[in-house]
Structures are given as C-alpha cells and as structure tokens.
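The following exercises are intended for a reader who is new to this structure. Each consists of a task and a solution worked out in steps.

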Amino acid sequence: RYSLFYNRLKNIEENEGGLDKFSKSYKSFGVNQFVDGGIYCKEWAPGAEAVFLTGDFNGWNPFSHPYKKMEYGKWELFIPPGQDGFPPVPHGSKLKVVIRAQNGELLYRISPWARYVIRDEDKVNYDWVHWNPPQSYIHKHPSPKRLKSLRIYESHVGIASPEGKVASYKNFTYNVLPRIKDLGYNCVQLMAIMEHAYYASFGYQVTSFFAASSRYGTPDDLKEMIDVAHSMGITVLLDVVHSHASKNSEDGLNKFDGTDSCFFHSGPRGTHQLWDSRLFDYANWEVLRFLLSNLRMWIEDYRFDGFRFDGVTSMLYHHHGIGTGFSGDYHEYFGLHVDEDALCYLMLANHMINFLHPECITIAEDVSGMPALCRPVAEGGGGFDYRLAMAIPDKWIQIIKELKDEDWNMGNIVHTLTNRRYEEKYIAYAESHDQALVGDKTLAFRLMDAEMYTNMSVLSPLTPVIDRGIQLHKMIRLITHALGGESYLNFMG
C-alpha cells in the first residue's frame, strides 16, 4: 500500500510540478476571474465532442463561446475583458457548460467546479451562478491552535433554529455559536455544507462539491460564520463527502460529458447498491486532482480547520461494507476485497493536508476497524488523526432496547468503551446524527418516549420515567466521555 502511495506521489511530483501545484487546480479549473479583467475557463470532459460556455453574458447563445480541446480530455476557453474594461461575465450572472456528446446530443451542465449554485422556488433543478463579488469577505481572526483533545458539537446549520424553516449561516453565527462556546465545546463539526439538491439527504448526496449550500446564505456568510467561530477559539471541521456523489446529472456530476464514466467507474462498479449514488474512480488522475483540490479549497478559501471524512468504510472495500460484518481479525482488512486505489487516495489526502496545512485535523468514519487507519502515512498507515468510535452508540441502543436496568453488565460496557486499536485516537460519542436523524430515536426518546411531551417541565410532577431517563442519560454521557476515547462528540440539541 505504501509503495502504491509513494509511486502515485512520485508521479505527481514528476509530471505535475508537485503536490502543491496539483492540488491547487481549483484556482484554474471552472470559470475564474483574472486580474486583467478577462475570464479563464477550464473543464475536464474526456467524452465530449465539443464544449461551449453560455449564459446571461451572451444571451444564452449555446455556440458563441467554444472551448479549445487540449490534451487528456481537457478543454480551455479565454474570454477577454470588454471594451469598457469590465469582466465579460459579471458577478451574479447565470452560466451553463454546453456539452456536445458523442451521439450529437446537447447537454446543459453545471461545471463540477462551480462555487455557487441556487434554486429558484419555481424550479426543481439548481442554476449555476458566477460568484465573483467586487469585495469578498476578508477573514479577520487567525485559526485556533491545534487542539490536543476535541469536544465536538456536531451540527446542521439548516435545523439549528426552533422556527419551522431552513435556518441560515447568519442565524448560526449570532445565535448558535455563543451557546456552543458557553457550553464548553471547543470544536464545531458542520454537516450538509457541500451543496446537495435533496435537503432530506442531510448533505450526503452531494451535487456541487465546490459550492457552499446556498439554502443557508451566500459563501461570504459561511466565511463570516467560520471567522466568528475562530474569534471564539472554536475549531471548525467540515463533514466532507468524497465516498460517493449524487446520481443527478442536470445539477450534479453524473454523466457530465455524456458518458457513464468521466468522474466515476463505468458499469455496476460505479453505482452504490444501497445509496443509489455514483462511486468515484480513485485511480483516475483527474479525479484525484478534483478531490484533492476540493479539500484544499475548503481549507484555504473558507478556512476550515479539518475534515470528518464520511463513508470511509464504503471507500475502503469493493463490497462497500454491504452485508459484511467485521470481527477485527486481520484477514478482513488485507486482501483483494480492499480497494487499494481508494485507500491510496485517502493516504494522499491526509499527506497533502499534513504537508501543506499541518494544523488541520482529519477524522475517519470507519465502522470496519481497518488497522493503522489513524497512523502516519510514513508508517504505511492511512494518515488520519482520529476515527469515530462507532460501536459505542450501537452498544447503548442495544442495552436500552434489550435489557432491564438490573441486567446491565458493567464489564461488557467498559470493554466496549475501551476496545480500540492500539495507539490510534478515537472520538467517543453516545449518539450522533446517525442515531438522532436517520429514521431513528435519540437516547432521550428511547429512555423517556411519550412522557418527553408531557412531563419535561418544572410545572409538571416528576415521574419515575423522567427521573430514571435523565439520570441514565447523564451517566451514559459521563462514562462515554471518560472511557470512550481521546475526544468526545455530541450531536446538536
């Protein structure tokens, strides 16, 4: 595995001018403003017969601005500034990439590198908006120093309000961050930030990887939110989804150039059976460029302090963990069922982050227990700083559902809380969004159920159900925090 990683890194050094330049491609791909007022456009569409740019700027003429075909499936276009010196594509104007497929069909697509997409209330699909304000938000506060121990407040901006609406970045900045600080958390983990067309997916069916979700506000609103968190000494992590992508083609990556592959594996290997989503081809050079650039953009443009990588188990194995149990025996982690290309990508991602931004933190969501996933890349490990202790919340749910109070086995509980890979750091939690949101119940509802609605008030009498539930809830969180790992996470609310 280390040999595969080293050879891929060596090829990047020799052929791409180094990892720094390779992962900085987000500054040249897509539609970018140049200092002299011109617009430079670059796309990767290996299956296209021709590529054009259209939008408000040219009256939606689909053929007036053709791209020039370059090597390796890349296409480039330069639009000089207008006679008045103003940018030819104004800030806020709508755009589309027009792809002429191999069968002659014209496809109107959103650039995979789009920074801002919006959906009008009367439409189903998203529109690509050129985001280039005259004065973007300037960060005022430095990032906090790397924390020795994380106390993570996992949160979703859209539901961070008692009102029956999708809440905003501004609401989170001024109403939620102060509460997080007062409660003693030193880290916020934000889910559902990368743009997703289906709100109920909670951000796990990404359509635009470089765009901050517009349903909460503008990119500058998000930058301000992160900056204010930094002013409070709060580290901000992004829940990043590089394990799969939405099957949407009108406003997603799927069939971008008219082919079944492009960013993904073709055929059955390119589709996740349970999630009904597309799976990246991590051996593809341009896919590596796209994903590594994506991580770097979130760090350098928005000032995120690290990432929680979603769905790592799905990435690590060709079977994606579907119908597979893991006992911890080494034969489950070393064999042909391991997706070496995906593992190599994760090693490259962690190496790049550690090399360019050593203060950043990475967390793996892996239920399989892959050995050395949280050891340095130089040791042949995956390079993550932490992994989520995913067996702990399952244990609490099992106990509450199946056992009477007098049958709780403390030895078994302590074993589950302390059973982890030697010298790999874990983040313990009693419940996360997996338990609280995805068709499940919170621990509080499992313990107190219907009486949560009628007896959770000082104005109503304390019942045995509420008394027992609150006491057990406190003890569950206390022992999880104490024994479960090197850091702790709690889902909002």
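**Exercise 1: The β4–β5 hairpin and its sheet**

Strands β4 and β5 run antiparallel and are joined by 2 bridges. The structure is a predicted model.

Task. Determine which residue of β5 is the bridge partner of K68, and describe the sheet of 4 strands with the order β1-β2-β5-β4.

Solution.

Step 1. Begin with the pair of strands β4 and β5. The bridge partner of K68 is E76, which belongs to β5.

Step 2. Consider the link between the strands. The hairpin of β4 and β5 has 4 residues between its strands, and in this hairpin Y72 adopts a positive phi near 60°.

Step 3. Extend the view to the sheet. Its 4 strands follow the order β1-β2-β5-β4; the sheet is open and its pairing is antiparallel. At the edges stand β1 (30–33) and β4 (68–69), each of which pairs on one side only.

Step 4. Examine the pairing of β2 with β5. Strand β2 (residues 39–44) pairs with strand β5 (residues 74–79) in the antiparallel sense, over 6 bridges. Within this pairing, E43 has W75 of β5 as its bridge partner.

**Exercise 2: The barrel and the helix packed on it**

Task. State in what order the 8 strands close into a barrel, and identify which strands α7 touches where it packs on the sheet.

Solution.

Step 1. Follow the strands around the barrel. The 8 strands close in the order β10-β11-β14-β17-β18-β19-β20-β21, with parallel pairing. From one strand to the next, the twist averages 30°.

Step 2. Select one pair. Strand β17 (residues 306–309) and strand β18 (residues 361–364) are paired in the parallel sense over 4 bridges. One bridge matches F309 with A364 in β18.

Step 3. Add the helix. Helix α7 packs on the sheet and touches β17 and β18, and the direction of α7 makes about 165° with that of β17.

**Exercise 3: Helices α1 and α7**

Task. Classify the arrangement of α1 and α7, and list which residues meet where these helices touch.

Solution.

Step 1. Take the geometry. The axes of helix α1 (residues 2–15) and helix α7 (residues 340–356) come within 9 Å of each other and cross at roughly 60°.

Step 2. Classify the angle. The two helices, α1 and α7, are therefore oblique to each other. Their crossing is right-handed.

Step 3. List the contact. From α1 come Y2, L4, F5, R8, L9 and I12; these meet E340, D341, C344, M347, L348 and H351 of α7. Sorted by class, the contact of α1 with α7 comprises 8 nonpolar, 1 polar and 3 charged residues.

**Exercise 4: Helix α9 and its two partners**

Task. Describe how α9 is oriented towards α8 and towards α13, and give the residue classes of the contact with α8 and of the contact with α13.

Solution.

Step 1. Start with α8. The axes of helix α8 (residues 391–402) and helix α9 (residues 410–418) come within 9 Å and cross at roughly 160°. Helix α8 is therefore roughly antiparallel to α9. The crossing of these helices is right-handed.

Step 2. Name the residues. In α8, A391, I392, K395, W396 and I399 meet N412, I413, T416 and L417 in α9. The contact of α8 with α9 divides into 6 nonpolar, 2 polar and 1 charged residues.

Step 3. Turn to α13. The axes of α9 and helix α13 (residues 464–483) come within 9 Å and cross at roughly 45°. Helix α9 is therefore oblique to α13. The crossing of α9 and α13 is right-handed.

Step 4. Name the residues again. M410, I413, V414, L417 and T418 of α9 make the contact with I479, T480 and L483 of α13. The contact of α9 with α13 has 6 nonpolar, 2 polar and no charged residues.

**Exercise 5: Residue N284**

Task. Locate N284 and state which residues N284 touches, not counting those up to four places away in sequence.

Solution.

Step 1. Place the residue. N284 lies in the loop between β16 (277–278) and α5 (285–300).

Step 2. Inspect the side chain. A polar atom of the N284 side chain lies 2.9 Å from the backbone nitrogen of E286.

Step 3. Identify the contacts. With residues up to four places away in sequence not counted, N284 touches W44 and C262.

How values were computed
Residues numbered from 1 in each chain as written. Predicted model: local features only at pLDDT ≥ 70, side-chain atom pairs only at ≥ 80, totals over all residues. Heavy atoms only, no water. Axes fitted to C-alpha atoms, helices over the stretch in contact; angles between N-to-C directions. Parallel < 35°, antiparallel > 145°, perpendicular 65-115°, else oblique. Left-handed = near helix turned anticlockwise from the far one by under 90°. Contact = heavy atoms within 4.5 Å. Nonpolar A, V, L, I, M, F, W, Y, C, P; charged D, E, K, R; others polar. Polar contact = N/O pair within 3.5 Å; in protein donor to acceptor, adjacent residues only side chain to side chain. Pairing = 2+ DSSP bridges.
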